[in-house]
Amino acid sequence: MLRPTLLATVCVSLLITTTLPVLAAPSQDMESEQGTLEVTPIVEGLAHPWALAFLPDRTGMLVTERPGNLRVVSPDGKLSAPINGVPEVWAKGQGGLLDVALSPDFKQDRTIYLSYAEGGGQGGKAGTAVGRGQLSEDLMSLKNFTVIFRQAPKLSVGNHFGSRLVFDRNGFLFITLGENNDRPTAQDLDKLQGKIVRIYPDGKVPDNNPFVGQPGVRPEIWAYGIRNPQGTALNPWTGALWENEHGPRGGDEVNIIERGRNYGWPMATHGINYSGQPIPESRGKTVEGTVGPHHVWEKSPGLSGMAFYDADRFKVWQHNAFIGALVTQELIRLQLDGDKVVHEERLLGELDKRIRDVRQGPDGYLYVLTDEENGGLYRIGLK
């Protein structure tokens with residue numbers, strides 16, 4: 001009979017090393033304008049993976065699965081059992097467990113942030129929530145999880161949660177929020193639909209947010225007039241917050257987010273309804289008093305995920321931004337001259353998979369998640 005301490009050790013070991021099969025497929029070569037891409041599968045069997053975050057010291061990666069699981073992928077491709085302590089999520093339509101981000105002081109506080117769809121709204125509707133907890137040293141559990149932000153009111157029946165999390169250089173937390181497919185709310189400053197909000201890491205509202213103290217206006221709001229922002233990243237050279245979002249049918253956008261500005265949806269759009277009819281509230285592609293897109297696609301790639309490349313490993317990628325595409329099933333490379341987009345290239349089309357998230361790894365490679373029922377994690381480099 002095993003001694004209790006030995007039995008506990010065995011159980012912990014089994015939990016940590018529980019895996020889905022590592023992909024046996026070899027790396028694929030794919031051509032690009034800048035050389036041959038080496039596309040290496042790391043792990044498969046992920047259930048609609050949504051977001052990726054790197055643990056420090058190259059000890060692994062956190063991956064969210066939309067049905068509600070948070071897992072660790074080890075550097076050698078082992079996939080952990082679901083981490084305990086993750087909140088219950090509203091996993092319907094586009095809802096579920098969404099983004100994950102590490103605290104800027106993770107090495108000291110071991111705090112991670114999760115965004116997710118939360119039910120409880122009138123008529124069974126849902127909205128985006130954000131909470132935080134401490135990841136245990138053994139990577140098995142999330143402790144003391146506390147909700148720090150809730151989208152209000154909850155209006156989604158399964159669409160447009162947005163939900164990316166980004167910390168800026170001053171430690172403020174930005175949260176992107178879709179308009180829950182309720183278009184006019186993106187212009188309503190008493191609601192948190194179609195907004196980008198800025199809060200402190202504990203959920204408190206900074207006194208210098210642009211609408212603080214204005215009657216009938218939510219003080220969390222940093223910018224508004226947003227449709228469904230599923231990619232956001234901090235520009236490493238300027239510190240500016242960049243965001244991408246789905247248009248309706250056409251009109252996918254990249255925006256540089258500025259304090260207090262109105263980005264136009266649904267009054268200003270380059271797109272039309274999926275039915276082929278105009279957006280009822282639209283007054284054209286540009287509307288006075290709103291900010292036009294920094295970059296726009298008349299035909300929707302279906303944007304999700306965003307990363308700037310500033311590593312030394314592949315110098316030809318420096319000053320490029322990479323964006324996942326769900327509809328066209330590609331990775332979009334945007335070449336930048338300062339803030340200006342001067343060239344675009346479509347990559348990874350041979351995978352024939354929906355690219356949900358893209359991140360630059362600490363090793364200088366790009367990592368992408370494919371949003372499928374049997375989704376995967378891939379490492380992308382140049383030979």
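How many salt bridges does a search of the whole structure find? The count is 26, and the close-ups below pick out a few of them, along with some sheets, cores and loops. Keep in mind that this is a predicted model.

**View 1. Asp 29 and Lys 383 meet in a salt bridge.** Here the closest N and O atoms sit 2.8 Å apart. The pair ties together distant parts of the chain, with the two positions 354 residues apart in numbering. Asp 29 belongs to strand E1 (residues 28-32), while Lys 383 comes in the segment after strand E24 (375-382). Asp 29 is partly exposed, at a relative accessible area of 46%. Lys 383 has 62% relative accessibility and so counts as exposed, since the cut-off for that class is over 50%.

**View 2. Asp 99 pairs with Arg 164 in a salt bridge between two strands.** The N to O distance is 3.3 Å. Asp 99 sits in strand E6 (residues 97-102) and Arg 164 in strand E10 (residues 162-167), so this is again a link between distant parts of the chain, 65 residues apart. Are these two side chains buried or exposed? Both Asp 99 and Arg 164 are buried.

**View 3. Lys 191 and Asp 190 form a salt bridge.** Their side chains come to 3.5 Å, N to O. Lys 191 is partly exposed at 22% relative accessible area, and Asp 190 is partly exposed too, at 43%. Elsewhere, salt bridges with shared partners join Arg 66, Arg 354, Arg 356 and Asp 371 into one network.

**View 4. Strand E6 pairs with strand E7.** The two run antiparallel, and four bridges connect E6 to E7 (residues 111-118). One pair to look for is Val 100 with its bridge partner in E7, Leu 114. E6 is mostly covered, with six of its six residues buried. Asp 99, the salt-bridge partner of Arg 164, lies in this strand.

**View 5. Four strands make an open antiparallel sheet.** Reading across, the order is E10-E11-E12-E13. E10 and strand E13 (221-224) are the edge strands, each pairing on one side only. From one strand to the next, the twist averages 15°. In the middle of that order, strand E11 (residues 173-177) and strand E12 (residues 195-199) pair in the antiparallel sense over five bridges. Leu 173, for instance, has Ile 199 in E12 as its bridge partner.

**View 6. The largest nonpolar core has 33 residues.** Those with the most contacts inside it are Leu 37, Trp 317, Leu 331, Leu 348, Leu 377 and Ile 380. Which elements give two or more residues to this core? They are strand E2 (35-46), strand E3 (49-54), strand E4 (61-65), strand E18 (303-309), strand E22 (355-360), strand E23 (366-370) and E24. E2 gives the most, with five residues.

**View 7. Trp 317 and its surroundings.** Setting aside neighbours within four places in sequence, Trp 317 is in contact with Gln 34, Leu 37, Tyr 309, Phe 322, Arg 333, Leu 366, Ile 380, Gly 381 and Leu 382. Leu 37 and Ile 380 should look familiar: they are among the core residues with the most contacts. Another core lies apart from this one, with 25 residues, among them Leu 97, Ile 112, Leu 142 and Phe 161.

**View 8. Ser 141 sits in a loop between two strands.** The loop runs between strand E8 (127-135) and strand E9 (142-150). Ser 141 counts as buried because its relative accessibility, 18%, falls under the 20% cut-off. Beyond neighbours within four places in sequence, Ser 141 is in contact with Ile 83, Asn 84, Gln 134, Leu 135 and Ser 136.

**View 9. Gly 264 is a buried loop residue.** Look for Gly 264 in the loop between strand E16 (252-257) and strand E17 (295-297). Its relative accessible area is 0%. Leaving out neighbours within four places in sequence, Gly 264 is in contact with Gln 187, Tyr 224, Gly 225 and Thr 290. Pro 293 is 29 residues from Gly 264 in sequence, and their C-alpha atoms are 9.2 Å apart in space.

How values were computed: Residues numbered from 1 in each chain as written. Predicted model: local features only at pLDDT ≥ 70, side-chain atom pairs only at ≥ 80, totals over all residues. Heavy atoms only, no water. Salt bridge = Lys/Arg side-chain N within 4 Å of Asp/Glu carboxyl O. Buried < 20%, exposed > 50% of the residue type's maximum accessible area, 1.4 Å probe, protein only. Contact = heavy atoms within 4.5 Å. Pairing = 2+ DSSP bridges. Axes fitted to C-alpha atoms, helices over the stretch in contact; angles between N-to-C directions. Core = buried A, V, L, I, M, F, W, Y, C linked by side-chain atoms within 4.5 Å.
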